[in-house]
Structure formats: C-alpha cells, structure tokens
Amino acid sequence: MFISISLGGENQFESGMSGERAVGTAQVSSEVKRYEPLFRKYAEQNRVGEYVGLILAMIQQE
C-alpha cells in the first residue's frame with residue numbers, strides 16, 4: 001500500500017525531464033539497507049521494482 005500511494009504513477013517522476021530519465025545515486029544507512037529485500041519484494045509485486053532505490057532514499061530522508 002505504501003508503494004502504490006507514494007509512487008502514484010510513472011509519469012509523476014518523468015515530468016519535466018525532456019523524456020530522459022534522471023540518474024543518480026543515494027547513500028543510505030545500513031539501517032535502511034537492511035529493509036531492501038522487503039521493499040524489493042513488494043515493489044516487484046506492484047511492478048515498480050525499478051524504484052526501489054528511490055524508495056530507500058525517501059525512507060532515509062524521512
């Protein structure tokens with residue numbers, strides 16, 4: 001449920017990028033990284049697996 005609410009849709013992240021995807025890296029703590037398998041599982045079930053890095057970065061920020 002968190003993933004579907006937070007991500008909403010792919011166009012939300014691609015708007016304003018001239019059709020190109022922004023690429024970057026985020027440094028997340030080991031406390032956040034330990035939950036990656038759980039978030040990856042549910043992200044892939046909801047067909048948003050490519051956003052796992054973004055999800056982890058958002059968790060780190062919060």
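The exercises below work through the fold, a helix pair, the core and one loop residue of a predicted model.

**Exercise 1. Describe the secondary structure of the protein chain and the pattern it follows along the sequence.**

Step 1. Count the elements: the protein chain has five helices and zero strands.
Step 2. Read them in sequence order, which gives α-α-α-α-α.
Step 3. Turn to contacts with a separation of 6 or more: 66% of them join residues 24 or more positions apart.
Step 4. For burial, 19% of the 62 residues count as buried.

**Exercise 2. Find which residues form the largest nonpolar core, and which element gives the most to it.**

Step 1. List the members. The core has nine residues: V28, V32, F39, A43, V48, Y51, V52, I55 and L56.
Step 2. Assign them to elements. Two or more residues come from each of α4 (36-45) and α5 (52-61).
Step 3. Pick the main contributor: α5 gives the most, with three residues.
Step 4. Take L56 as one member of the core. Leaving aside residues up to four places away in sequence, L56 touches V28, V32, E36 and F39.

**Exercise 3. Classify the packing of α4 and α5 from the angle between them, then describe their contact.**

Step 1. Choose the quantities. Two packed helices are described by the angle between their axes and the distance between those axes.
Step 2. Read the values: the angle between α4 and α5 is about 130°, and their axes are 10 Å apart.
Step 3. Apply the cut-offs. Roughly perpendicular covers 65 to 115 degrees and roughly antiparallel needs over 145. The angle of about 130° fits neither class, so α4 is oblique to α5.
Step 4. Give the handedness: the crossing of α4 and α5 is right-handed.
Step 5. Name the contact residues. α4 supplies E36, F39, R40 and A43, while α5 supplies V52, I55, L56 and I59.
Step 6. Sort these residues by type: six are nonpolar, none is polar and two are charged.

**Exercise 4. State what is notable about the phi of R47, and decide whether R47 is buried or exposed.**

Step 1. Locate the residue: R47 lies in the loop between α4 and α5.
Step 2. Recall the general expectation. Most residues other than glycine have a negative phi.
Step 3. Compare. R47 is not a glycine, yet has a positive phi of about 60°.
Step 4. Check accessibility. The relative accessible area of R47 is 71%; the cut-off for exposed is over 50%, so R47 is exposed.

Terms used:
Residues numbered from 1 in each chain as written. Predicted model: local features only at pLDDT ≥ 70, side-chain atom pairs only at ≥ 80, totals over all residues. Heavy atoms only, no water. Core = buried A, V, L, I, M, F, W, Y, C linked by side-chain atoms within 4.5 Å. Buried < 20%, exposed > 50% of the residue type's maximum accessible area, 1.4 Å probe, protein only. Helix = DSSP H or I, 4+ residues; strand = E, 2+ residues; numbered from the N terminus. Contact = heavy atoms within 4.5 Å. Axes fitted to C-alpha atoms, helices over the stretch in contact; angles between N-to-C directions. Parallel < 35°, antiparallel > 145°, perpendicular 65-115°, else oblique. Left-handed = near helix turned anticlockwise from the far one by under 90°. Nonpolar A, V, L, I, M, F, W, Y, C, P; charged D, E, K, R; others polar.
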